[in-house]
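Good morning, colleagues. I would like to take a few minutes to go through one structure with you, beginning with confidence and then turning to selected residues.

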Amino acid sequence: MTDDIHEPAPTGRRGSRLELRTTFPAPWAAALDGAWWPRSRDSVGELVALIGALDARQAPVRLLMLNPQGWHGHPHRIDVADRSVRIAWIPMLDRSVVIGATARGVRIDLQLMCRPTAAGSTRSRIR
């Protein structure tokens with residue numbers, strides 16, 4: 001199985017970085033679909049950028065699930081051009097994972113590569 005990672009898609013004003021696989025491992029293999037590098041703790045700005053990046057990759061989500069710890073603001077919906085994306089803040093969810101669901105029922109699991117910190121800056125765990 002190969003990881004076919006493409007250059008990050010442009011994501012808007014904040015410059016969050018997103019990389020998604022275009023080929024996937026066997027269905028029984030546990031794997032992430034990509035990685036997301038938010039640049040700040042501003043949940044609205046960063047999630048809008050993530051939604052835009054997923055749209056650009058032909059993966060329009062209707063739901064995003066993530067852990068609320070460390071984020072400024074916890075909106076329950078974000079309106080984008082033609083739809084409203086539901087945001088579920090799940091304290092029990094691993095803080096390093098963001099899960100998305102498309103209207104077609106496709107699940108997208110992303111590794112959160114920068115974790116918002118209490119110190120007010122975002123530090124990358126992997127460079």
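**Confidence and selected contacts**

Over residues 119-127 the pLDDT stays under 50, and the model has 20 contacts beyond four places in sequence for that stretch. Residues 1-13 likewise have pLDDT under 50 throughout, with 28 contacts beyond four places in sequence. Please bear in mind that what you see is a predicted model. The average pLDDT of the protein chain is 77, and 65% of the residues score at least 70. By element, strand 5 (residues 83-89) has the highest confidence, with a mean of 97, while strand 9 (residues 122-124) has the lowest, at 42.

Let me now turn to the aromatic residues. How many aromatic pairs does a search of the whole structure find? The search returns 1. That pair consists of Trp36 and Trp71, which are stacked, with 5.9 Å centre to centre and 5° between the planes. The angle qualifies as stacked because planes under 30 degrees apart are counted that way. Distant parts of the chain are linked by this pair: Trp36 belongs to strand 2 (residues 34-37), whereas Trp71 sits in the loop between strand 3 (61-66) and strand 4 (77-80), 35 residues apart. Are these two residues buried or exposed? Trp36 has 1% relative accessibility and so counts as buried; Trp71, with a relative accessible area of 6%, is buried as well. The cut-off behind both assignments is 20% relative accessible area.

Trp36 also leads us to the next residue, Val98, since Val98 touches Trp36. Val98 lies in strand 6 (residues 97-102), and its relative accessibility of 1% makes it buried. Leaving aside residues up to four places away in sequence, Val98 further touches Leu50, Leu64, Met65, Leu66, Ile108, Asp109, Leu110 and Leu112. For Leu112, which is 14 residues from Val98 along the chain, the C-alpha separation is 6.5 Å.

My last residue is Asn67, located in the loop between strand 3 and strand 4. At 7% relative accessibility, Asn67 is a buried residue. Which backbone atoms does the side chain of Asn67 reach? One is the backbone oxygen of Pro91, at 2.9 Å, and another is the backbone oxygen of Leu93, at 2.8 Å. Beyond four places in sequence, the residues touched by Asn67 are Trp89, Ile90, Pro91, Leu93, Asp94 and Arg95.

Conventions:
Residues numbered from 1 in each chain as written. Predicted model: local features only at pLDDT ≥ 70, side-chain atom pairs only at ≥ 80, totals over all residues. Heavy atoms only, no water. Phe/Tyr/Trp six-rings, centres within 6.5 Å; stacked < 30°, edge-to-face > 60°. Helix = DSSP H or I, 4+ residues; strand = E, 2+ residues; numbered from the N terminus. Buried < 20%, exposed > 50% of the residue type's maximum accessible area, 1.4 Å probe, protein only. Contact = heavy atoms within 4.5 Å. pLDDT = per-residue confidence, 0-100. Polar contact = N/O pair within 3.5 Å; in protein donor to acceptor, adjacent residues only side chain to side chain.
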